[in-house]
Amino acid sequence: MSTDWQLWADMLSPHRPEPSDYLASVTADIEQPSARSRVLDGDRNPLTRWANLAVKVALVASFAVAIGLSPDTIEGKAMGFRAPLFLAPVVLVPIIARLRRWEPYPHTADLLLAAPFLIDTLGNLSGAYDEFPRTDDVLHAVNWVLLVGAFHAFRFRNVHDRRDAVLLGYGFGAMSIVWWEIMEWAVSEDGFGGAGALSLTYVDTIGDLFLSSTGGLIGSLIAVRWLGPRRPV
């Protein structure tokens with residue numbers, strides 16, 4: 001209360017402080033966001049580190065089987081196109097983390113980023129997409145939950161402000177599925193990587209856009225709640 005009276009007295013005084021001094025005084029009374037994002041706790045957890053390593057090893061092993069043995073289940077699935085794209089996180093995230101000296105290592109984000117690629121690859125290897133047609137619909141939603149979770153896991157390592165975070169994640173997920181569908185169309189058109197079994201109808205594309213963007217919204221809500229900073233009490 002005394003601070004408020006002092007500010008009014010300074011304003012009415014013939015020797016008023018400079019505007020910058022007044023703004024600094026008011027800003028000092030505003031609660032600044034001090035809550036630390038919880039994603040860093042996950043990055044330091046040994047279980048997260050081991051889970052990340054397990055997913056990476058399984059992803060590499062899955063592509064070794066797909067490309068080395070070429071089982072019938074992956075025929076026409078454009079595994080040649082998928083391999084460099086899906087395996088990129090295995091190489092790029094550690095390199096970027098090393099160059100930028102991230103401490104702790106972003107195990108949470110790395111795990112969430114690699115998981116959708118592993119799930120999709122295992123779905124193709126097992127023949128689940130062909131055996132159970134609804135697998136594609138389910139995984140479009142689930143994988144985008146994980147992908148947007150990875151977006152927030154990277155973001156909340158340095159940003160401790162959750163304002164507009166849900167919409168940012170939702171937008172990231174929506175842009176990702178748009179470009180994914182564009183790439184699928186391009187691959188199916190020129191047959192790159194042996195593509196031939198991609199059922200790209202108008203209904204399928206619209207359905208994928210809806211399911212993935214909805215999964216992205218759900219993933220954004222979950223990630224902001226569990227990985228972002230706690231709300232002030």
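The protein exposes about 14100 Å² in this predicted model, and carbon and sulfur atoms supply 66% of that area. Of its 233 residues, 38% count as buried.

As for the fold, you're looking at helices: there are 10 of them, and 0 strands. Reading along the sequence gives α-α-α-α-α-α-α-α-α-α. If you take the contacts between residues with a separation of 6 or more, 80% of them come from residues 24 or more positions apart.

**A nonpolar patch on the surface**

Part of the exposed area is worth a look on your screen. V91, L92, I95, I96 and L99 form a nonpolar patch on the surface, and together they have about 470 Å² of accessible area. One of these residues, L92, sits in helix α5, which covers residues 79-99. Is L92 buried or exposed, or something in between? L92 counts as partly exposed, because its relative accessibility is 46%, and partly exposed is the class between the 20% and 50% cut-offs.

**Salt bridges**

Now for the charged side chains. Side chains of opposite charge can pair when their charged atoms come close. The structure holds 5 salt bridges, and the table lists some of them, with the N to O distance for each.

| Salt bridge | Distance, N to O |
|---|---|
| D110 and K56 | 2.7 Å |
| R82 and D120 | 2.8 Å |
| D161 and R163 | 2.4 Å |

Start with D110 and K56, whose side chains meet at 2.7 Å. This pair links distant parts of the chain: D110 belongs to helix α6 (residues 107-126) and K56 to helix α4 (residues 46-69), with their positions 54 residues apart in the numbering. Both D110 and K56 are buried.

Next come R82 and D120, with their side chains meeting at 2.8 Å. Here too, distant parts of the chain are linked, R82 lying in helix α5 and D120 in helix α6, 38 residues apart. Why does R82 count as buried? R82 gets that label because its relative accessible area is 7%, and buried means under 20%. D120 is buried as well, because its relative accessible area is 12%.

Then there's the bridge between D161 and R163, at 2.4 Å. D161 is partly exposed, since its relative accessible area is 23%. R163 has a relative accessibility of 64%, so R163 counts as exposed.

Key:
Residues numbered from 1 in each chain as written. Predicted model: local features only at pLDDT ≥ 70, side-chain atom pairs only at ≥ 80, totals over all residues. Heavy atoms only, no water. Patch = residues over 30% accessible without salt bridge, like charges linked within 9 Å, V, L, I, M, F, W, Y side chains within 5 Å. Areas by Shrake-Rupley, 256 points an atom, 1.4 Å probe, with all protein chains shown as cover. Salt bridge = Lys/Arg side-chain N within 4 Å of Asp/Glu carboxyl O. Helix = DSSP H or I, 4+ residues; strand = E, 2+ residues; numbered from the N terminus. Buried < 20%, exposed > 50% of the residue type's maximum accessible area, 1.4 Å probe, protein only. Contact = heavy atoms within 4.5 Å.
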